[in-house]
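Q: I have a protein model on my screen and would like to learn how to read its strands and helices. Could we walk through them together?

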Amino acid sequence: MKPILLFDIDGTLLRVKKSFLQQTLTDILKDQGISSGILNDMSFAGRTDRDIFNELITRSQNHNGISEKEREAQFTDLKNAYLRMMLNEMDSETMTVFESVSETLYYLKNEGYHLGLCTGNFREIAYKKVMAAGFGDFFEFGGFGCDHADRKHLPQEAHHSFVSFSGLSPAPYEYLVIGDTPNDIRCARHFGAGVIAVTTGGHSEDELKSHQPDYVMHSLRNPAEWIKMV
């Protein structure tokens with residue numbers, strides 16, 4: 001059986017323009033009466049949206065603590081505001097699709113590979129991104145950042161999604177995660193999948209290699225070659 005391919009989105013397939021994302025987060029925080037200063041020094045790469053929004057809530061409360069019910073209500077308010085703004089305003093002009101990605105996805109689909117997503121994005125945002133980029137129809141299942149705060153659980157969610165979609169029940173080693181951060185490598189290893197790392201997201205080849213992926217690439221170009229590497 002050919003490996004089942006689980007693609008990360010941000011930093012792997014495309015990049016949403018930083019100015020657009022920064023303004024979106026600033027606007028939704030302002031609408032909730034929260035200072036955008038809490039975004040200072042926050043890291044987003046390789047994290048799930050649920051994890052990021054949990055940190056935003058913690059920072060907005062100045063670590064004084066809130067009840068679980070209050071935290072969940074604030075999480076829901078922030079998430080819904082984020083979904084509304086991103087789904088209404090994000091389009092192809094707000095992102096950059098990396099070179100050769102479209103051609104690679106066409107090739108893999110035509111060769112009979114199953115393509116899924118393994119991304120920290122909320123499900124609705126993930127599909128909006130790939131649709132806006134022009135390749136939403138390639139991805140039939142996935143694991144998403146609304147499922148868990150910790151990314152290591154997302155391949156398992158993608159597996160459940162694939163089983164529901166296909167009726168098949170492959171073993172973890174039959175999956176291949178493709179991503180650009182150490183967290184992509186970590187989640188693949190936790191699940192038991194193979195993993196290819198790409199340097200398109202900003203992590204260097206040496207940094208990615210230190211986390212021991214099966215293979216490191218500088219782009220998704222030439223899929224006929226790299227698909228055989230693992």
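A: Happily! Let's start with one pair of strands in this predicted model. Strands β6 and β7 pair in the parallel sense over four bridges. One place to look is L176, whose bridge partner in β7 is G194.

Q: What holds paired strands together in general, and which directions can they take?

A: Strands of a sheet pair through backbone hydrogen bonds, and the pairing is either parallel or antiparallel. Now for the case here: six strands form an open sheet with parallel pairing, in the order β5-β4-β1-β6-β7-β8.

Q: Which strands are the edge strands of this sheet?

A: They are β5 and β8 (215-217), each of which pairs on one side only. Let's look at each edge in turn. Strand β8 pairs with β7 (residues 194-198) in the parallel sense over three bridges. Within that pairing, A197 has V216 of β8 as its bridge partner, and V198 has M217. On the other edge, β5 (residues 142-143) pairs in the parallel sense with β4 over two bridges. There you can find C118 standing opposite G143 of β5.

Q: What does β4 pair with besides β5?

A: Strand β1 (residues 4-7) pairs with β4 in the parallel sense, over three bridges. Look for L6, as its bridge partner in β4 is G116.

Q: How do I read the two faces of a strand, say β7: are they covered or open?

A: Check the residues on each side separately. In β7, G194, I196 and V198 on one side and V195 and A197 on the other are all buried, so both faces are covered, with buried meaning under 20% relative accessible area. Strand β4 (residues 115-118) also has both faces covered: L115 and L117 are buried on one side, and G116 and C118 on the other.

Q: Which β-α-β units can I trace, and what is their handedness?

A: Try following the chain from a strand, through a helix, to another strand. One such unit is made by β6, α7 and β7, and it is right-handed. Another right-handed unit is made by β4, helix α5 (residues 123-133) and β5.

Q: Where does α7 pack on the sheet?

A: Helix α7 touches β4, β6 (175-179) and β7, and its direction makes about 175° with that of β7.

Q: How are two packed helices described?

A: Two packed helices are described by the angle between their axes and the distance between the axes. Take α6 (residues 154-166) and α7 (residues 182-191): they pack at an angle of about 60°, with their axes 8 Å apart. The two helices are therefore oblique to each other. On the α6 side the contact is made by P155, Q156 and H159, and on the α7 side by C187, A188 and F191. By class, the residues of this contact are four nonpolar, two polar and no charged.

Q: And how do α3 and α5 lie: roughly parallel or oblique to each other?

A: The axes of α3 (residues 68-89) and α5 cross at roughly 10° and come within 10 Å. Angles under 35 degrees count as roughly parallel, so that is how α3 and α5 are described. To see where they meet, find Y82, L83, M86 and L87 in α3, facing E124, I125, K128 and K129 in α5. This contact has five nonpolar, no polar and three charged residues.

How values were computed: Residues are numbered from 1 along each chain as its sequence is written. This is a predicted model: local features need pLDDT of at least 70, side-chain atom pairs count only at pLDDT 80 or more; totals for chains, interfaces and linings use all residues. Side-chain values use heavy atoms; hydrogens and water are left out. Axes are lines fitted to C-alpha atoms, for helices over the stretch in contact, and angles run from 0 to 180 degrees between N-to-C directions. Angles under 35 degrees count as roughly parallel, over 145 as roughly antiparallel, 65 to 115 as roughly perpendicular and the rest as oblique. Contact means heavy atoms within 4.5 Å. Ala, Val, Leu, Ile, Met, Phe, Trp, Tyr, Cys and Pro count as nonpolar, Asp, Glu, Lys and Arg as charged, and the others, Gly among them, as polar. Buried means under 20% relative accessible area, exposed over 50%, partly exposed in between (1.4 Å probe, protein chains only). Two strands pair if DSSP finds at least two bridges between them. A crossover is right-handed if, with the strands pointing away from the viewer, the path from the first strand over the helix to the second runs clockwise.
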